[in-house]
Amino acid sequence: SPSLSQVESGRALNDHVWYIRKKNGNMSYFGGGSSPSGGGGGASAGADASLAAKKEEVMGRVRGELAVANAQELLQKMTDKCFKKCVSWPGAQLDKSERACMAKCMDRYMDAWNLTYRTYAMRLQKDAQNQMQSQQLQ
């Protein structure tokens, strides 16, 4: 079971992540997009529309689950790395220098993760555009 200091650092980490989320106004760095609202296509829409709506609903749920999994993995890695770096001797609570180190470490980790995520997303978008252009030329 986790020690009191690990629990405390986990709470601080959770508070920090939610602060960053609020500051940025979104959770784009967790890999989640907005999930589409599910709706059944009415009787007039036909079976194809209903099937498409259900497919879109399932895809939205999967995207949401992936976003949660990405967030959990990010939190776990950040907690592990920052705790190992900043806490020299676990105790009942973190001292002032350990709290400051944890905060700076988490900030740097999130900044690096956000930069990596944005760069990767831009590269994927550029690759998709290049692929569409090459298909149009054929």
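This report describes the fold, the disulfides and one aromatic pair of a predicted protein model.

**Overall fold and confidence**

The protein chain contains three helices and zero strands, and reading along its sequence gives the pattern α-α-α. Of its 138 residues, 20% are buried, and the accessible surface of the chain comes to about 10200 Å², of which 55% belongs to carbon and sulfur atoms. Among the contacts between residues at least 6 apart in sequence, 65% join residues at least 24 apart.

Because this is a predicted model, it helps to ask how confident the predictor was before looking at any detail. The chain averages a pLDDT of 76, and 67% of the residues score at least 70. Confidence is lowest in helix α1, residues 4-24, where the mean is 53, while it is highest in helix α3, residues 96-137, with a mean of 91. Two stretches deserve particular caution: over residues 1-9 the pLDDT stays under 50, and the model has 14 contacts beyond four places in sequence for them, whereas over residues 26-42 the pLDDT also stays under 50, and the model has 32 such contacts for that stretch. Where pLDDT is low, the predicted coordinates should not be read in detail.

**Two disulfides between helices**

A disulfide is a covalent bond between the sulfur atoms of two cysteines. How many disulfides does the chain have? The count comes to two disulfides, and their geometry is set out in the table.

| Disulfide | S to S distance | Angle about the S-S bond |
|---|---|---|
| C82 and C105 | 2.0 Å | -85°, left-handed |
| C86 and C101 | 2.1 Å | -70°, left-handed |

The link of C82 and C105 connects distant parts of the chain, since C82 lies in helix α2 (residues 46-86) and C105 in helix α3, 23 residues apart. Both of these cysteines are buried: C82 has a relative accessible area of 0%, and C105 has a relative accessible area of 8%.

In the second disulfide, which joins C86 to C101, C86 belongs to helix α2 and C101 to helix α3, so this pair ties together parts that are 15 residues apart in sequence. C86 counts as buried because its relative accessibility is 9%, which falls under the 20% cut-off for buried residues. When the bonded cysteines are counted along the chain, the disulfides follow the pattern 1-4, 2-3.

**An aromatic pair in helix α3**

A pair of aromatic rings is described by the distance of the centres and the angle of the planes. In this chain the count comes to one aromatic pair. Why is the pair of W113 and Y117 called stacked? The centres of the two rings are 5.4 Å apart and their planes meet at 10°, and planes under 30 degrees apart count as stacked. Both residues lie in helix α3, four residues apart, which is about one turn of the helix.

Are these two residues buried, exposed or partly exposed? W113 is partly exposed, with a relative accessible area of 25%, and Y117 likewise counts as partly exposed, at 28% relative accessibility.

**Summary**

Helix α3, where the mean pLDDT is highest, holds both W113 and Y117, and it also contains C105 and C101, whose disulfide partners C82 and C86 lie in helix α2.

Technical notes. Residues are numbered from 1 along each chain as its sequence is written. This is a predicted model: local features need pLDDT of at least 70, side-chain atom pairs count only at pLDDT 80 or more; totals for chains, interfaces and linings use all residues. Side-chain values use heavy atoms; hydrogens and water are left out. pLDDT is the predictor's confidence in each residue, from 0 to 100. Helices (H or I, at least four residues) and strands (E, at least two) are DSSP runs, numbered from the N terminus. Contact means heavy atoms within 4.5 Å. Rings of Phe, Tyr and Trp (its six-membered ring) pair if their centres lie within 6.5 Å; planes under 30 degrees apart count as stacked, over 60 as edge-to-face and the rest as tilted. Buried means under 20% relative accessible area, exposed over 50%, partly exposed in between (1.4 Å probe, protein chains only). A disulfide is a pair of cysteine sulfur atoms within 2.5 Å. Accessible areas come from the Shrake-Rupley method with a 1.4 Å probe; for residues, only the protein chains shown count as cover.
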